[in-house]
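Hi,

Here is the structure I said I would pass on. Have a look at it first, and my notes follow below.

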Amino acid sequence: MSTSAHPRLDNLLAALSLNLAEESQAALERASGLTGSATAALLALEEFLGDAHVGRLADVLGLTHSGAVRLVSQLERSGLAERRSGADRRRVEVRLTAAGRRRAAAARAARDKVVRQATGDLSDGDAETLEGLLERLVAARVAVRVERRRAGEAGAWWCRTCDFAACGRPEGRCPAQVAAARVTSGPARG
């Protein structure tokens, strides 16, 4: 068993990440009226998947194809998404309805509120320091995840619930995107 160089830091980070994950998921579920992977699907479809085929949605969420089909059926029954034939007719594409886009926006706002409550009392200097440290941690974890995917492990994409504008992705500042590109020397899929 290896010992940590920073056991208190490790414990605090683990406790904070678990709490933020639990509270964020609960906020997403309350605001969206959905549970589990459906909340991530809503955010991913709104932010970057657009008219994605069901297989791509499955990949992004780390689901089986049949699991993604069931998830899309759930979103359709709720009036949040719709299916349509893809360009090559062999693929079924899914996109959010207007109600789905509104629900996604409400869910993201609820999730963001939870995180703002955690960071709201930081000074500008502390916030800048924490942002820099988190960029490094995200980049390191994404590099590990990309290597695991290369080794054949499946799993959901890192950025499946991200706000791309907030992370700086359009300007090439997203640490997950930069790290994935560095590791793969190709398109980032963090």
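The hairpin made by strand 2 and strand 3 has 6 residues between the strands, and R89 takes a positive phi there, near 65°. Bear in mind as you read on that this is a predicted model.

Staying with those two strands: strand 2 covers residues 81-85, runs antiparallel to strand 3 and is joined to strand 3 by 5 bridges. If you want to trace the pairing by eye, find A81, which stands opposite L96 in strand 3, and then R83, which stands opposite V94.

Strand 3 (residues 92-96) also pairs with strand 1 (residues 52-53), again in the antiparallel sense, over 2 bridges. On that side, H53 has E93 of strand 3 as its bridge partner. Put together, this is an open sheet of 3 strands in the order 1-3-2, with antiparallel pairing. Strand 1 and strand 2 are the edge strands, since each pairs on one side only. As a reminder, the strands of a sheet pair through backbone hydrogen bonds, either parallel or antiparallel.

Now for the surface, where helix 6 comes up twice.

First, there is a nonpolar patch made of L13, L122, L130, L133, L134 and L137, with about 460 Å² of accessible area together. Helix 6 gives the largest share of the patch, 4 residues. L137 is one of the patch residues and sits in helix 6. How accessible is L137? Its relative accessibility is 43%, so L137 counts as partly exposed.

Second, D124, E128, E131 and E135 form a negative patch on the surface. E128 belongs to helix 6, which spans residues 124-150. With a relative accessible area of 62%, E128 is exposed, because the cut-off for that class is over 50%.

One last residue, for contrast. Is A180, in helix 8 (residues 175-184), buried or exposed? A180 has a relative accessibility of 1% and therefore counts as buried, as the limit for buried is under 20%. If you would like a distance to check in your viewer, try A180 and A107: they are 73 residues apart along the chain, and their C-alpha atoms are separated by 27 Å.

That is what I have for now. Shout if anything is unclear.

Cheers

Note on methods:
Residues numbered from 1 in each chain as written. Predicted model: local features only at pLDDT ≥ 70, side-chain atom pairs only at ≥ 80, totals over all residues. Heavy atoms only, no water. Patch = residues over 30% accessible without salt bridge, like charges linked within 9 Å, V, L, I, M, F, W, Y side chains within 5 Å. Areas by Shrake-Rupley, 256 points an atom, 1.4 Å probe, with all protein chains shown as cover. Salt bridge = Lys/Arg side-chain N within 4 Å of Asp/Glu carboxyl O. Lys, Arg positive; Asp, Glu negative; His and termini not counted. Charge placed at Lys NZ, Arg CZ, Asp CG, Glu CD. Buried < 20%, exposed > 50% of the residue type's maximum accessible area, 1.4 Å probe, protein only. Pairing = 2+ DSSP bridges.
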